[in-house]
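Biologist: I'm new to this structure and would like a close look at one part of it. Please start with a single side chain and its neighbours, then work outwards.

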Amino acid sequence: IIAEGYNFIIVDSAGLACGAEPERAEAATSYYRALRSLRLDGSITIAHHSRTEDKYPFGSVYWWNCMRSIWLMRNDQADNRNPFHVGLFHRKSNHGVLEEPQGYKVEFAGELIVLENTDVRRIKTLREHLGDTTKVLVAIQEFVKANNQGPTREELAEDTGLSRGVI
């Protein structure tokens, strides 16, 4: 990488690249020490998470701790449906504020892959990954649009999956 003069790399995946068991702190810390020794302008490391936990990458909490910025990527694709939607949700930033969620419609069209910007807040199957405040605001907006009146707490709780205390 250094000999070729690369200044940016994408690593897919962290679990395979770490050279050890990703569940161990040493795997994450050694990986990031090696990555930083390359003195790149930037890098992207793709890390998977467990099926039961969206917040942290799979393995040691040190994967989370060592990363400077973390984006969660989710899609609403079921049964190889085409087109489908992808949402990107900024979960961590060491240098600045969290960015707004990003949404894209993805369509495989012959030899082309067509990407179109879309409002991820309007994709019901991806809303669970939004922050609680955004979930409530979107639910209120859609309820008012459909009913010409505001929702009750119970209706908001049902629509968002949040408890009445959170709302």
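**Starting from Met67**

Modeller: Let's begin at Met67, which is in contact (heavy atoms within 4.5 Å) with Tyr32, Ala47, Pro57, Lys92 and Asn94, once its neighbours within four places in sequence are set aside. Keep in mind that this is a predicted model, where local features need pLDDT of at least 70 and side-chain atom pairs count only at pLDDT 80 or more, while totals for chains, interfaces and linings use all residues. Residues are numbered from 1 along each chain as its sequence is written, and side-chain values use heavy atoms, with hydrogens and water left out.

Met67 and its partner Tyr32 both turn up among the residues with the most contacts inside the largest nonpolar core, along with Ile9, Cys18, Tyr31, Leu35 and Trp63. That core has 15 residues. A core here is a set of buried Ala, Val, Leu, Ile, Met, Phe, Trp, Tyr and Cys residues joined through side-chain atoms within 4.5 Å. Buried means under 20% relative accessible area, exposed means over 50%, and partly exposed is in between (1.4 Å probe, protein chains only). Strand S1, helix H2 (25-37) and helix H3 (62-66) each put in at least two residues; H2 gives the largest share, with five. Helices (H or I, at least four residues) and strands (E, at least two) are DSSP runs numbered from the N terminus. Nonpolar side chains tend to be buried together in soluble globular proteins.

Apart from this 15-residue core lies another core, of six residues, including Leu72, Phe89, Leu126 and Leu130.

Leu126 is a handy stepping stone, as it is one of the residues touched by Asp76. Asp76 sits in the loop between strand S3 (69-75) and strand S4 (84-93). It counts as buried because its relative accessibility is 15%. Leaving out residues up to four places away, Asp76 also touches Arg81, Phe84, His85, Ile123 and Thr125. With His85 there is a polar detail: a polar atom of the Asp76 side chain lies 2.7 Å from the backbone nitrogen of His85.

With Arg81, the side chain of Asp76 forms a salt bridge (3.2 Å, N to O). The term means a side-chain nitrogen of Lys or Arg within 4 Å of a carboxyl oxygen of Asp or Glu. Arg81, at 38% relative accessibility, counts as partly exposed, while Asp76 counts as buried.

Across the whole structure, a search finds nine salt bridges. Another of them joins the side chains of Glu142 and Arg122 (3.7 Å, N to O). This pair links distant parts of the chain, 20 residues apart: Glu142 is in helix H4 (residues 132-147), and Arg122 is in the loop between strand S6 (112-118) and H4. Glu142 is partly exposed at 29% relative accessibility, and Arg122 is partly exposed at 40%.

Glu154 and Arg164 make one too, at 3.3 Å, N to O. Here Glu154 is in helix H5 (residues 153-160) and Arg164 is in the segment after H5, ten residues along, so this pair also links distant parts of the chain. Glu154 comes out partly exposed at 44% relative accessibility, and Arg164 is partly exposed at 44%. Then there is a network: salt bridges with shared partners join Asp119, Arg121, Arg122, Arg127 and Glu142.

Arg127 leads on to Lys135, a residue of helix H4. Lys135 touches Arg127, Glu128, Leu130, Thr160 and Leu162, not counting residues up to four places away. Although a lysine, Lys135 counts as buried, because its relative accessibility is 12%.

One last stop takes us back to Lys92, which Met67 contacts. Leu98 contacts Lys92 as well, together with His90, Arg91 and Ser93, again leaving aside neighbours within four places. Leu98 is in the loop between S4 and strand S5 (102-109), and it counts as partly exposed because its relative accessible area is 46%. Its C-alpha atom is separated by 9.6 Å from that of Trp71, 27 residues away along the chain.

Note on methods: A polar contact is a pair of N or O atoms within 3.5 Å; within protein, one must be able to donate a hydrogen and the other to accept it, and residues adjacent in sequence count only if both atoms are side-chain atoms.
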